[in-house]
Amino acid sequence: MSQGPRSGLAAVSSALLAMSRHLEVRDVLKTIVASARELLDAQYAALGVPDDHGGFAQFVVDGVSDEQWKAIGPLPRQHGILAAMLHEARPERLADVRKDPRFEGWPSAHPDLADFLGLPIRDGDEVIGALFLANKNCQKQEGSCGFTEDDEELLSILAQHAAIALTNARLYERSRELTIAEERSRLAHELHDAVSQKLFSLRLTAQAAATLVDRDPSRAKGELQQAAALAAEAADELRAAVVELRPAALDEDGLVATLRTQIQVLDRAHAARVTFDGRGVRALPAAQEEALLRVAQEALHNALRHSGAEHVDVTLDRRGSGVVLRVTDDGSGFDPQGIRSAGRHLGLVSMRDRASGVGGALTVESAPGKGTTIEMEVPGG
């Protein structure tokens, strides 16, 4: 290795320690990519985690700015060299990726790549990712690859440890999801018991007031006052439960990361392609973030269960000091002016209530056969 044994081992050790520090999958992916690029002194590095639909559930890059990445466009599909690494599960070391017969081009905003080193990341017999580097920072002879056999061996070691770190992160996230599910089940049971008791007492008190209203108005008035107090207590119980049931991931990870994770799960679970783009959005007050998340979930549910859409796109953008959520599908659509009953069925009333409850606004654009766009804008906090 060009760095020499001592500095090379120190660099590998630092990279492996960095990977082991993180438990969130996204953080692990970023650390793997950054470590690989620095370790092998390349201009660009990327890591793709495949989905079940011929694309990538996650695709992390290093060496490309946020502006460049946004200009490049949607995540790549599994084709060309990427497909070879995922499906043939063997290393690829090329002097010029553009001259390989499997090369299928890239978007116009994509940086030019020449020499290339790629490796699959494996968990046993399963390929769980593809790690690749491009454009080694060194003097290259014409037609030769800047990446050496030593580089390939080093990246192979990194890929093996990346598989362990990625698998551990996934296990951690699944464990946390199970813990959250158990906690929600417990809270739901407690909520059912507490509110049911209040509502039962409320019903008995209201019945008593109804029987007394003609023969003893004074006692009836007292019963009605008691009914009002019980209703207020039930409302307080519900409000407390809503606070407790606020998504834990939202508190820990923020709106963008929570939406991204949920949409990745939906993309795997449904035949429709579900994508998310949310960059440059600042943290918002808790009530606004929860309202945006709930509206996104409702709109996604409608698109995936009722519209027959093949593509659903979710974006989160800054607009002035505020934020705009947009959920667009290419499904069957509907007539927004002629669906009062359907509008309630699709949750449009509750979505509008959520938006107005945090000082925002909700708009719906749709037409039969033309798909649907749900847009929610909230002001800055």
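**View 1. Strand 1 pairs with strand 2 in this predicted model.** Strand 1 (residues 42-50) and strand 2 run antiparallel over six bridges. Two strands count as paired if DSSP finds at least two bridges between them. Val49 sits opposite Gln58 in strand 2. Residues are numbered from 1 along each chain as its sequence is written. Local features need pLDDT of at least 70, side-chain atom pairs count only at pLDDT 80 or more, and totals for chains, interfaces and linings use all residues.

**View 2. Five strands make an open sheet.** The order is 2-1-5-4-3, with antiparallel pairing. Strand 2 (56-62) and strand 3 (92-94) each have a single partner strand, so one side of each lacks a neighbour in the sheet. Strands are DSSP runs of E, at least two residues; helices are runs of H or I, at least four; both are numbered from the N terminus.

**View 3. Helix 2 and helix 4 pack on the sheet.** Helix 2 (residues 25-40) touches strand 1, strand 2, strand 4 (116-123) and strand 5 (126-136). Contact means heavy atoms within 4.5 Å. Helix 4 (residues 80-87) touches strand 1, strand 2, strand 3, strand 4 and strand 5.

**View 4. The second largest pocket has 27 lining residues.** Leu82, Trp106, His110, Leu113 and Phe132 lie nearest its centre. Strand 1, strand 2, helix 3 (66-72), helix 4 and strand 5 each supply at least two lining residues. A pocket is an open set of points on a 1 Å grid over the protein atoms alone, where a 1.4 Å probe fits, with protein on both sides within 12 Å along at least five of seven lines; lining residues have an atom within 4 Å of a point.

Note on methods:
Heavy atoms only, no water. Axes fitted to C-alpha atoms, helices over the stretch in contact; angles between N-to-C directions.
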